[in-house]
Each structure stands twice: as structure tokens, then as C-alpha cells.
Amino acid sequence: SSSPHSSVNHTEVSHFNALAASWWDPHGSSRLLHLMNPLRHDFIQRCKETRIQEEGQKMRILDIGCGGGIFAESAARLSSTASVTAIDPTPEVIAIARKHARTDPKLMEEGRLTYLNTAIENLPLPSSPQEGFDVITVFEVIEHIQQPVPFLRAVLKHLKPGGWLIGSTIARTGVSWLTTKFVAEEVLRMVPRGTHEWSQYIQPSEMREWAKYEDGVDVGVDGRGWQVMGVVYVPGLGWKEVSGSADWGNYFFGVRKL
Ligand SMILES: C[S@@+](CC[C@H](N)C(=O)[O-])C[C@H]1O[C@@H](n2cnc3c(N)ncnc32)[C@H](O)[C@@H]1O
């Protein structure tokens with residue numbers, strides 16, 4: 001792995017470099033990410049509804065670990081978005097993301113969507129808290145990071161007060177081992193073997209505990225600064241919200257900055 005100051009692990013980077021070429025194939029190894037994308041927008045909407053933000057204010061979004069840009073592109077097309085900055089440490093996936101964005105002239109508008117091949121630790125900090133992003137997203141990234149706490153701390157430095165950190169990841173349970181390691185990697189081969197490291201999965205309760213004691217985060221003040229939504233992949237139907245499933249499977253989380 002790389003230096004202690006960076007969250008980037010070279011094994012992960014090689015793994016995702018190899019997947020880059022098929023990123024936009026809806027039936028390829030990123031199929032589950034494509035299918036999950038609509039729920040990401042629903043969840044962001046849910047978090048935003050609890051947020052004190054002026055009506056009509058457009059969002060500046062930072063998408064960390066953006067991969068080939070499935071979410072970044074869809075967010076950049078929304079009329080409620082001012083700009084999307086999308087970063088990933090894997091060079092091949094950023095190359096694919098840039099190439100794919102060129103197929104839509106709207107995404108080529110100045111400042112609408114910017115891809116950077118970098119890690120969060122190397123992104124210049126905002127000059128003042130108010131210059132931070134309104135929403136930062138980390139979809140299916142935390143489970144690829146060995147030390148999530150320093151990573152999340154580095155992420156929070158880029159979030160504006162009142163802004164939301166929104167992500168999705170997987171709870172560390174027997175069920176998730178069975179579904180993500182055994183069924184998805186070994187039986188159905190929906191994702192390549194070795195995509196997931198089960199020991200790096202995080203329970204929603206651990207995420208909430210982190211957020212509760214982290215400086216500058218707002219879970220406890222009105223209880224609405226923490227949002228969670230469990231989702232289950234149903235073959236043939238896609239991802240569905242399933243109440244209570246966050247504790248044993250895939251889930252979305254949202255944390256608001258004070
Ligand atoms: C499963 S993909 C998810 C891509 C995208 N967020 C999505 O869901 O469509 C995980 C991504 O995390 C990236 N990644 C790995 N280590 C990272 C790190 N330390 N910081 C940010 N991204 C990282 C990989 O390069 C890969 O593109």
C-alpha cells in the first residue's frame with residue numbers, strides 16, 4: 001500500500017484499472033452500480049429535505065471515487081446542480097469517464113463536470129468553510145479503503161457547514177459475506193473475484209458512532225443529521241429499499257456537517 005498520508009491502495013487501483021474498459025457496459029462488471037444509480041438520487045433528495053438551504057440554490061457536488069462517472073454524469077445533468085467535481089485515484093477509470101462524458105455536449109459545458117485523477121488527500125482545501133461543497137458523495141468506496149476514519153476526516157474538510165456527506169457501503173455480516181463474496185463473486189460472477197474485502201465492510205452503527213463523536217458533524221442535535229437507508233438487490237427488479245436491511249446488507253448513509 002501507499003504512504004500513510006494517502007488512502008490509496010495500489011492493489012485497488014490495479015483492480016479498478018482492469019475494470020475501466022467495461023465501466024459503461026450496462027451488462028458488464030459495473031452492472032450493479034448502474035442499477036443502483038436512481039436510488040442514489042432518491043436518497044440525496046431525502047437528505048436535502050432535512051437541510052436548511054435556500055430554495056432554488058444550486059448544488060456544488062464533489063463525487064469521490066467516481067469511477068467511470070455513472071453518478072457524476074447523472075448529477076451533472078440535473079438542473080439543481082451548479083457543478084460536479086469528480087475524483088478518482090485510478091487513472092484508467094478517469095480516462096474512461098472523460099471519454100464517456102464527451103458523448104454528451106451538455107456535460108462539456110464549461111465548469112459543469114470536472115474529472116480529476118487524484119485522491120482526496122491531494123485535493124486543494126477550500127479557501128473558507130463557505131467555499132466547501134454542498135454535497136460530497138462516496139458511493140461504494142469506503143469498503144475499498146483500509147483506514148476509513150482518516151479518509152472520512154479528509155473528506156469532511158471539503159464540506160460546507162450544513163452540507164451533506166452521502167455514501168453507500170456494505171455492513172459486515174454473514175449475509176453480506178454470502179451475497180457479495182460468495183454469490184456475486186464466486187457463483188454468479190457478477191463482479192470479478194477479489195472486488196470486495198469483507199473485513200473492510202462497516203456497520204451503519206459504526207458509521208453513526210463515528211459521526212456522533214466526530215468534530216463538526218451534526219447527528220445528535222436534532223437527530224436529523226444522520227440518515228440511513230437499507231437496500232437489497234433483487235434479481236430482475238434491481239435495487240429496492242428494504243426497511244431494516246441496513247444492519248445486514250448494502251446501505252446508504254448521510255451525515256450533515258455542523
Ligand atoms: C466500486 S467503484 C465505485 C465507483 C463509483 N463511485 C460508483 O459507484 O459508480 C470504487 C471506486 O473507488 C475508487 N477508489 C479506490 N480507492 C480509493 C481511494 N482511496 N479514494 C477514492 N477512491 C478510491 C476506485 O478507483 C473505484 O473507481
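**Exercise 1. Strand 5 and its partners**

In what sense do strand 5 and strand 8 pair, parallel or antiparallel, and over how many bridges? Work this out on the predicted model, then look at the other edge of strand 5.

*Solution.*

Step 1. Start with strand 8, residues 250–256. Its pairing with strand 5 is antiparallel and runs over seven bridges. One place to check this is isoleucine 166, which stands opposite glycine 254 in strand 8.

Step 2. Now turn to strand 4. Strand 4 and strand 5 (residues 159–170) run parallel and are joined by six bridges. You can follow the pairing through phenylalanine 133, whose bridge partner in strand 5 is leucine 159, and through threonine 137, whose partner is isoleucine 166. To get from strand 4 to strand 5, the chain passes through helix 5 (residues 148–156), and this β-α-β crossover is right-handed.

Step 3. Put the two pairings together at isoleucine 166. This residue is the bridge partner of threonine 137 and also stands opposite glycine 254 in strand 8.

Step 4. Finish with burial. Strand 5 is largely enclosed by the rest of the structure, because 10 of its 12 residues are buried.

**Exercise 2. The other side of strand 4**

Which strand is joined to strand 4 by three bridges? Find it, and then describe how covered strand 4 is.

*Solution.*

Step 1. The strand is strand 1, residues 59–64, and it runs parallel to strand 4. Within this pairing, leucine 62 stands opposite isoleucine 136.

Step 2. For the covering, go through residues 133–139 one by one. Seven of the seven residues in strand 4 are buried, so the strand counts as mostly covered.

**Exercise 3. Two glutamates from a record**

Which residues does UniProt list for "binding site"? Place two of them, both glutamates, in the model.

*Solution.*

Step 1. The unreviewed UniProt entry lists Glu140, Glu143 and His144.

Step 2. Locate the glutamates. Glutamate 140 sits in the loop between strand 4 and helix 5, and glutamate 143 is placed in that loop too.

Step 3. Decide whether they are buried. The cut-off is 20 or more other C-beta atoms within 10 Å. Glutamate 140 counts as buried because it has 22 such neighbours, and glutamate 143 counts as buried because it has 21.

Step 4. List contacts, leaving aside neighbours within four places in sequence. Glutamate 140 touches Leu33, Ser168 and Thr169. The contacts of glutamate 143 include Thr169, His196 and Tyr201.

Step 5. Follow one contact back. Serine 168 lies in strand 5 and is buried, because 24 other C-beta atoms lie within 10 Å. Besides Glu140, its contacts include Phe139, Asn250 and Tyr251.

**Exercise 4. Positive phi**

What is the approximate phi of arginine 189? Compare its setting with that of glutamate 140.

*Solution.*

Step 1. Recall the background: most residues other than glycine have a negative phi.

Step 2. Arginine 189 has a positive phi of about 55° and is not a glycine. For glutamate 140, phi is near 55°, again a positive value in a residue other than glycine.

Step 3. Compare the surroundings. Arginine 189 is in the loop between helix 6 (174–187) and helix 7 (204–213). It is exposed, because 11 other C-beta atoms lie within 10 Å, whereas glutamate 140 counts as buried with 22 neighbours.

**Exercise 5. Around the ligand**

Which residues come nearest to the ligand? Then sort the shell by chemical character.

*Solution.*

Step 1. Of the 21 residues around the ligand, the nearest are Ser7, Phe16, Gly65, Gly67 and Thr90.

Step 2. Look for helices that contribute. Helix 1 (10–19) and helix 3 (70–76) each supply at least two residues of the shell.

Step 3. Sort the shell: 13 residues are nonpolar, five are polar and three are charged.

Note on methods:
Residues numbered from 1 in each chain as written. Predicted model: local features only at pLDDT ≥ 70, side-chain atom pairs only at ≥ 80, totals over all residues. Near = placed C-beta within 6 Å. Helix = DSSP H or I, 4+ residues; strand = E, 2+ residues; numbered from the N terminus. Nonpolar A, V, L, I, M, F, W, Y, C, P; charged D, E, K, R; others polar. Pairing = 2+ DSSP bridges. Right-handed = clockwise from strand over helix to strand, strands pointing away. UniProt positions renumbered as here; feature names shortened; annotations may be inferred. Contact = placed C-beta atoms within 7 Å.
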